[in-house]
Amino acid sequence: MGTTHRYCGSCGKPTVAHAADRARDCPECRLTFYPRISPVVMALVTRGRQLLLTRKPGYAPGAIRWSRVSSRRERRWSMR
Ligand SMILES: [Zn+2]
């Protein structure tokens, strides 16, 4: 979980590793803090047996760097 949530956001006391989850607990407040996540949208576009792959411009010539269509979620997007 890196260095996030080392201290409680409510009381400021050091947190401890959660017993079962990838989280940290505050022994004082009994709050549980989970790591921040960055939602990602990924799609696989197909037509029959064909796949649509994308490639970022700027990769070295000859580099095989094709992937599915994906993007980090922007705050203004609706996730319905
Ligand atoms: Zn606390």
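Here is a short walk through this predicted model, from the chain as a whole to two of its residues.

Let's start with the overall picture. The chain has seven strands and zero helices, so if you trace it along the sequence, you meet the pattern β-β-β-β-β-β-β. Of its 80 residues, 4% count as buried. You may also wonder how the contacts are spread along the sequence. Among contacts between residues at least 6 apart in sequence, 27% join residues at least 24 apart.

Now turn to the sheet. Three strands form an open sheet in the order S1-S2-S3, and their pairing is antiparallel. Which strands stand at the edges of this sheet? They are S1 and strand S3 (32-33), and because each has a single partner strand, one side of each is left without a neighbour in the sheet. As a general reminder, strands of a sheet pair through backbone hydrogen bonds, in either a parallel or an antiparallel way. Strand S2, which covers residues 24-25, is joined to S3 by two bridges, and these two strands run antiparallel. If you would like a place to look for this pairing, find Asp 25: its bridge partner in S3 is Thr 32.

Next, go back towards the start of the chain, to Thr 4. This residue sits in the segment before strand S1 (16-17). Is Thr 4 buried or exposed? Thr 4 counts as exposed, because it has 12 C-beta neighbours inside 10 Å and a residue with 12 or fewer falls in that class. Even so, Thr 4 has partners from further along the chain: leaving aside neighbours within four places in sequence, Thr 4 is in contact with Pro 35 and Arg 36. For Pro 35, the sequence separation from Thr 4 is 31 residues, while their C-alpha atoms are separated by 6.9 Å.

Our last stop is Arg 65, in the loop between strand S6 (50-51) and strand S7 (69-72). Arg 65 is exposed too, because 11 other C-beta atoms lie within 10 Å of its own, and the exposed class takes in residues with 12 or fewer. Which residues does Arg 65 contact, leaving aside its neighbours within four places in sequence? They are Arg 55, Lys 56 and Tyr 59. You can also use Leu 53 as a landmark here: Leu 53 and Arg 65 are twelve residues apart in sequence, and the distance between them in space is 9.6 Å, C-alpha to C-alpha.

Definitions and conventions: Residues are numbered from 1 along each chain as its sequence is written. This is a predicted model: local features need pLDDT of at least 70, side-chain atom pairs count only at pLDDT 80 or more; totals for chains, interfaces and linings use all residues. Helices (H or I, at least four residues) and strands (E, at least two) are DSSP runs, numbered from the N terminus. A residue is buried if 20 or more other C-beta atoms lie within 10 Å of its own, exposed if 12 or fewer, and partly exposed in between; C-beta atoms are placed from the backbone. Two residues are in contact if their C-beta atoms, placed from the backbone, lie within 7 Å. Two strands pair if DSSP finds at least two bridges between them.
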